[in-house]
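Please find below a colleague's note, set out as numbered points for discussion at the bench.

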Amino acid sequence: MTSVLIVDDQPLQRMGFRMVLETEPGVSVAGEAENGIEAVRRTAELTPDVVLMDIRMPGMDGIEATRRITASGGRSRVLVLTTFDLDEYVYAALQAGASGFLLKDARPDELLAGIRAVAVGDAVVAPALTRRLLHAFAKAMPGGERRAAEDPRLSALTERELEVLRVVAAGLTNTEIAQRLHLSESTVKTHVSRAMAKIGARDRVQAVIIAYDVGLVDPRG
């Protein structure tokens with residue numbers, strides 16, 4: 001059973017999510033919260049598998065709440081729901097530790113698939129959307145050359161793992177990576193998993209963020 005905490009300042013929005021989730025076998029609503037402060041508190045109390053997090057809320061917003069929830073080291077993962085697919089708040093939320101994001105107008109089956117994916121440690125951001133998001137906000141990243149080789153997070157990676165991480169950051173799926181690098185998909189999964197473990201990434205989205213942050217890939221290139 002996958003437990004979900006719904007966080008949104010709009011009662012009707014929370015009710016809508018609850019109606020969708022409660023009709024799905026294997027998913028339960030652990031509770032609701034109407035702002036970031038309450039979300040942090042209720043996550044600590046209820047330890048849901050997934051926190052459905054709105055971004056724009058009065059008081060503590062969803063970004064700060066996400067940062068505090070992920071920093072706590074608990075088991076709960078955060079799935080951000082936003083109205084805007086190229087919103088700077090979304091990028092900030094991913095940096096804060098969110099495991100992915102969906103638009104609020106996502107179909108019920110997309111929402112449920114996203115919840116299940118995040119619950120088992122996967123990301124729910126479509127590769128193409130991840131690439132578009134990162135490229136858009138790369139323009140706002142501070143300038144200056146950063147040498148990936150100097151970053152300690154990459155020092156333990158093999159050459160093959162570095163190669164795989166670069167193409168993950170480019171937004172390729174495992175199937176696409178396998179085709180490009182002439183590897184089996186199972187081998188790609190192994191390399192991705194090992195690379196994520198070595199750099200301390202919670203999921204694929206965080207691995208992409210780290211790859212950009214350390215300069216392993218150049219979003220402007």
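The points below cover the basis of the model, its nonpolar cores, two helix contacts and one strand residue.

1. Basis. This is a predicted model, in which local features need pLDDT of at least 70 and side-chain atom pairs count only at pLDDT 80 or more, whereas totals for chains, interfaces and linings use all residues. Residues are numbered from 1 along each chain as its sequence is written, and side-chain values use heavy atoms, with hydrogens and water left out.

2. Largest core. The largest nonpolar core (a set of buried Ala, Val, Leu, Ile, Met, Phe, Trp, Tyr and Cys residues joined through side-chain atoms within 4.5 Å) has 26 residues. Buried here means under 20% relative accessible area, with exposed over 50% and partly exposed in between, for a 1.4 Å probe and protein chains only. Leu-154, Leu-157, Leu-165, Ile-177, Ile-199 and Leu-216 touch the most other members. Two or more residues each come from helices H7 (159-169), H8 (174-181), H9 (185-199) and H10 (204-213); helices (H or I, at least four residues) and strands (E, at least two) are DSSP runs, numbered from the N terminus. H7 supplies the largest share, six residues.

3. Second core. A separate core of 22 residues includes Val-7, Tyr-91, Ala-98 and Val-205.

4. H7 with H9. The axes of these two helices, H7 and H9, come within 9 Å and cross at roughly 95 degrees. H7 is therefore roughly perpendicular to H9. Axes are lines fitted to C-alpha atoms, for helices over the stretch in contact, and angles run from 0 to 180 degrees between N-to-C directions. Angles under 35 degrees count as roughly parallel, over 145 as roughly antiparallel, 65 to 115 as roughly perpendicular and the rest as oblique. On the H7 side, Arg-160, Glu-161, Val-164, Leu-165 and Val-168 meet His-191, Val-192, Arg-194, Ala-195, Lys-198 and Ile-199 of H9.

5. H7 with H8. How are H7 and H8 oriented to each other? Their axes lie 10 Å apart at an angle of about 125 degrees, and H7 and H8 are therefore oblique to each other. Arg-160, Glu-163, Val-164, Val-167 and Val-168 of H7 meet Ile-177, Arg-180 and Leu-181 of H8.

6. Thr-2. This residue, Thr-2, is found in strand E1 (residues 2-7) and is buried, with a relative accessible area of 14%. Leaving aside residues up to four places away in sequence, Thr-2 touches Gly-26, Val-27, Ser-28, Asp-49, Val-50, Ile-115 and Ala-119, where contact means heavy atoms within 4.5 Å.
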